[in-house]
Amino acid sequence: MTTDASPQPAEAATPAPGPGPAPRGADREKKTGGVLNVFSHGILVLWAVLVVMPLLWAVMTSFKDDKSIFTSPWSLPDHLHFENWSRAWEQAHMSDYFLNTVIIVACSLFGTLLLGSMAAYVLARFEFPGNRFIYFLFIGGMSFPVILALVPLFYVMQNLAILNTIHGLILVYIAYSLPFTVFFLTSFFRTLPTSVAEAAIIDGASHTRTFFQVMLPMARPGLISVGIFNFLGQWNQYLLPTVLNTSPDHKVLSQGLVELATSQGYKGDYSGLFAGLVMAMLPVLAAYIVFQRQVVAGLTAGALK
């Protein structure tokens, strides 16, 4: 006997999922991100204009004569007055101030980085009684206003016979810059891998050799970053040399610019003053432009670990 099977209903075909319209939440997030992106770029452009325009105006003004500075301050110079630069360099003694500043900043920067990196390496890598206390002493030095130390520092340097000397100002610059340098490099040394230093010690290297030949080259981005910050602060320093360096033969650029501005009297050599200002400004800009990538790498090294 044959039994007829009733036909089964065919299953409805399920359509393949297509791209379809994007969810409303994604569209809203995309639109919000675009608005924030435009807003942030607008703020950056405005900030760049506020920073770059005064610099360009100072450079442009340094090539004008005194009459053009007042009659047409925003126009380009009719021709380049290079005599402004030569007058500021020779007659205003900017060459002597520039040389003194280079010597003082170069020596103090080297001493700051050497002593600061050594202290930061010990505080970051070795545990000993008083480690945290010494570290917080350096941090406390950052919060201590330097203006409160000017009077006792003046008498200390006078008793040591290093007042109004280049080497005395170098020592003061090193002491002034060490707290921030140690604070910055201590955090940086903590981000470096300990396995490399341990391997060097196992191979027979001393702690001194491990520091100078292994750890210090690895800390190069951090050294460049903190070196740029110290260079900016020491190059533009005015308060310390004004109080501790009153010898005319040892004055630095910041003192020279003030003397150039005050010694004009009623003559008004504004073109020479702007030329001297640009002379003092160019080394700082050049140093930051050359090492800007290293500065960013040093500041973000700990975050990218």
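## The salt bridge

Glu-259 and Lys-251 are joined by a salt bridge, with 3.2 Å between the closest N and O atoms. The model here is a predicted one, and a search through the whole structure turns up one salt bridge.

How exposed or buried are the two partners? Glu-259 has a relative accessible area of 32%, so this residue counts as partly exposed. Lys-251 comes out at 18%, so this partner counts as buried, the cut-off for buried being under 20%.

## Helix α12 and its cover

Now for helix α12, which spans residues 253-262. Which residues of α12 are buried? They are Leu-253, Ser-254, Gln-255, Gly-256, Leu-257 and Leu-260.

Several helices help to cover these buried residues, among them α4 (94-125) and α10 (220-235). The cover also includes α11 (239-244) and α13 (270-290).

## Where α5 meets α7

Two packed helices are described by the angle between their axes and the distance between the axes. For helix α5 (residues 131-143) and helix α7 (residues 166-191), the axes come within 7 Å and cross at roughly 130°. That angle makes α5 oblique to α7, and the crossing in which α5 passes α7 is left-handed.

If you would like to pick out the contact, α5 contributes Arg-132, Tyr-135, Phe-138, Ile-139, Gly-141 and Met-142. From α7 come Leu-178, Pro-179, Phe-180, Val-182, Phe-183, Thr-186, Ser-187 and Arg-190. By type, the residues of this α5 and α7 contact split into nine nonpolar, three polar and two charged.

Conventions. Residues numbered from 1 in each chain as written. Predicted model: local features only at pLDDT ≥ 70, side-chain atom pairs only at ≥ 80, totals over all residues. Heavy atoms only, no water. Salt bridge = Lys/Arg side-chain N within 4 Å of Asp/Glu carboxyl O. Buried < 20%, exposed > 50% of the residue type's maximum accessible area, 1.4 Å probe, protein only. Axes fitted to C-alpha atoms, helices over the stretch in contact; angles between N-to-C directions. Helix = DSSP H or I, 4+ residues; strand = E, 2+ residues; numbered from the N terminus. Parallel < 35°, antiparallel > 145°, perpendicular 65-115°, else oblique. Left-handed = near helix turned anticlockwise from the far one by under 90°. Contact = heavy atoms within 4.5 Å. Nonpolar A, V, L, I, M, F, W, Y, C, P; charged D, E, K, R; others polar.
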